[in-house]
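Ready for a walk through a structure in your viewer? Keep the selection box at hand, and we will go from stop to stop.

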Amino acid sequence: MNTKKSHEVQAMSELICSIADYCGLKQIIDVGSGKGYLSSFLSLKYGLNVYGIDSSNTNTHGAKERNRKLKKHWSLYHPHSRADANGWASERPRELKVPKGVECKGDAESVQRSRLGNPDLSATDGLPDFSGSAISVIRKQQKNVLAQPAEEENLYFEDAFSLIDFLPVDAIEPTSSQVQNTEKSGLRKERRNTASKARDSSIYSPLTSFITADSQLHDIIEDLEDCLMVGLHTCGDLAPSTLRIFTSKAEVKAVCSVGCCYHLLSEEFENQHKDRCANENWGFPMCHYLKEERWCCGRNARMSACLALQRVAVGQGLPTESLFYRAVLQNIIKDYYGISKCEQHVGKIYSKCSSFLEYVRMSLKKLGLDESKVSEEIIMDYYENYKPRMNELEAFNMLKVVLAPCIETLILLDRLCYLKEQDGVAWSALVKLFDPVQSPRCYAVIALKKQCDRG
């Protein structure tokens, strides 16, 4: 794994393990599992029974092969796995409590009024941040959790990635610290034995299936049992579909979803002139509040939501020249080929080109357009005519970057409010899980059902 993926997998797997322990779950369903990075880590390090579901058969085959190679070396280099993880957690301070200023408001209406109706509120206010140390987590949570059960309570902390970090006190059974320590010690021993046995068996099963909100899990997983559904950077509509499966399937007791690719979301009110199926599960909006408002972002706004303000803020600037090349190319195609909208994509050609002329030639070839229609002189004339406006393009794209967190927050709060509207959901929250510079799509939507058994 590269540095970014390693950061994401380690952070999310610790949180998933904590949720699974809290709910007494052994089975994990990883939706949009791709090459199986998260699934393999969960099964090998934490001894969980993981089903990784991806729509690509190539990814499924690759995940199987990768996991086969990993298992060969895992027991040699990681003999303790989950026992080490539990030991690390046990060394952290216990029973730390947030000062009384922490508020936990949980109903959908209050979230909608305070957030969707107040543009002055910061996009990150009240979002617990698990990208730093335990101490920084505690300090940052003094602002705290965006949405929790209706009563205002303090929060209980155990370690940096424990589910207990952001559950209200009334969700935790009152026991003396002596009893707690005894129970935790016994639980850790049980985990060590379970993880040791689990590593010796095949507990990660990659499967190929196209997941929608209407997917029947029993048809995909034969031994389906009470489970936790997760998704690391689930693309487009797959993130909202994951939440809908969670709310509609009795077996799915909890969910932890990190979405991405907002530009690929389907929008109910984007093309209002087109005939639409009333029962279709749209990617946006999900909650009743925005549906009643007939809220629409549009593709350009959703594209902006994918930009990374934090990266730009630390000096990782926008690729201005490549954006300029593409904008000028679009004008050439529109003027000489009469095409204003195309379903094909040029892709990442810029890095392979040494000049604008080469960029245009390669792009036209990839799009299947007749290169002879535009001479070298015409291409370079376009370049020279538009070059003085490059600063305008840079300013425009910087404005998009600045607005990106507003649009992303709207999409994420829509998902959170949807969960707040569901009768069967006991608790839900929006958590900042990753370092936004390393991983710009850093927010996780987490929810537990009322019948979630802590085991």
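Below is a tour of a predicted model, with a selection to make at each stop.

**Stop 1: helix 2**

Select residues 37–46, which make up helix 2. Is this helix mostly enclosed or mostly open? Of its 10 residues, 9 are buried, so helix 2 is largely enclosed by the rest of the structure. The buried ones are Leu38, Ser39, Ser40, Phe41, Leu42, Ser43, Leu44, Lys45 and Tyr46. Note that a lysine, Lys45, is on that list. Now step on to Gly47, which follows helix 2 and has a positive phi, near 65 degrees.

**Stop 2: aromatic pairs**

Show the rings next. A pair of aromatic rings is described by the distance of the centres and the angle of the planes. How many aromatic pairs are there? With ring centres required to lie within 6.5 Å, the count comes to 9. Start with Phe41 and Tyr46: their centres are 6.2 Å apart and their planes stand at 65 degrees, so this pair is edge-to-face. The cut-off for that label is an angle over 60 degrees. Both Phe41 and Tyr46 are buried, and you have already met them in helix 2.

Then move to Tyr325 and Tyr350, another edge-to-face pair, with 5.4 Å from centre to centre and 70 degrees between the planes. Tyr325 sits in helix 13 (residues 320–337), while Tyr350 is in the loop between helix 13 and helix 14 (356–367), so the pair ties together parts that are 25 residues apart in sequence. Colour the two by accessibility: Tyr325 counts as buried at 7%, whereas Tyr350, at 31%, counts as partly exposed.

Keep those two selected and add Phe324, Phe356, Tyr359 and Tyr383. Together with Tyr325 and Tyr350, these residues are linked into a cluster by ring pairs.

**Stop 3: backbone spots to check**

Most residues other than glycine have a negative phi, and most peptide bonds are trans. With that in mind, try three selections.

- Phe284 and Pro285: the peptide bond from Phe284 to Pro285 is cis, with omega near -10 degrees. You will find Pro285 in the loop between strand 7 (252–260) and helix 10 (288–292).
- His233: this residue of strand 6 has a positive phi, near 55 degrees. Its relative accessibility is 15%, so His233 counts as buried.
- Arg294: here phi is positive too, near 50 degrees. Arg294 belongs to the loop between helix 10 and helix 11 (299–305), and at 44% relative accessibility it counts as partly exposed.

**Stop 4: Asn300 and His263**

Go on to Asn300 in helix 11. Is Asn300 buried or exposed? With a relative accessible area of 63%, Asn300 is exposed. Add His263 and display the distance between the two C-alpha atoms: they are separated by 7.7 Å, although the residues lie 37 apart along the chain.

**Stop 5: a charged patch**

For the last stop, select Glu222, Asp223, Glu225 and Asp226 and show the surface. What charge does the patch they form carry? The surface patch is negative. Click on Asp223 to place the patch in the fold: Asp223 lies in the loop between helix 8 (217–220) and strand 6 (227–235). Asp223 is partly exposed, with a relative accessible area of 38%. Strand 6 is also where you found His233.

Key: Residues numbered from 1 in each chain as written. Predicted model: local features only at pLDDT ≥ 70, side-chain atom pairs only at ≥ 80, totals over all residues. Heavy atoms only, no water. Patch = residues over 30% accessible without salt bridge, like charges linked within 9 Å, V, L, I, M, F, W, Y side chains within 5 Å. Areas by Shrake-Rupley, 256 points an atom, 1.4 Å probe, with all protein chains shown as cover. Salt bridge = Lys/Arg side-chain N within 4 Å of Asp/Glu carboxyl O. Lys, Arg positive; Asp, Glu negative; His and termini not counted. Charge placed at Lys NZ, Arg CZ, Asp CG, Glu CD. Helix = DSSP H or I, 4+ residues; strand = E, 2+ residues; numbered from the N terminus. Buried < 20%, exposed > 50% of the residue type's maximum accessible area, 1.4 Å probe, protein only. Phe/Tyr/Trp six-rings, centres within 6.5 Å; stacked < 30°, edge-to-face > 60°.
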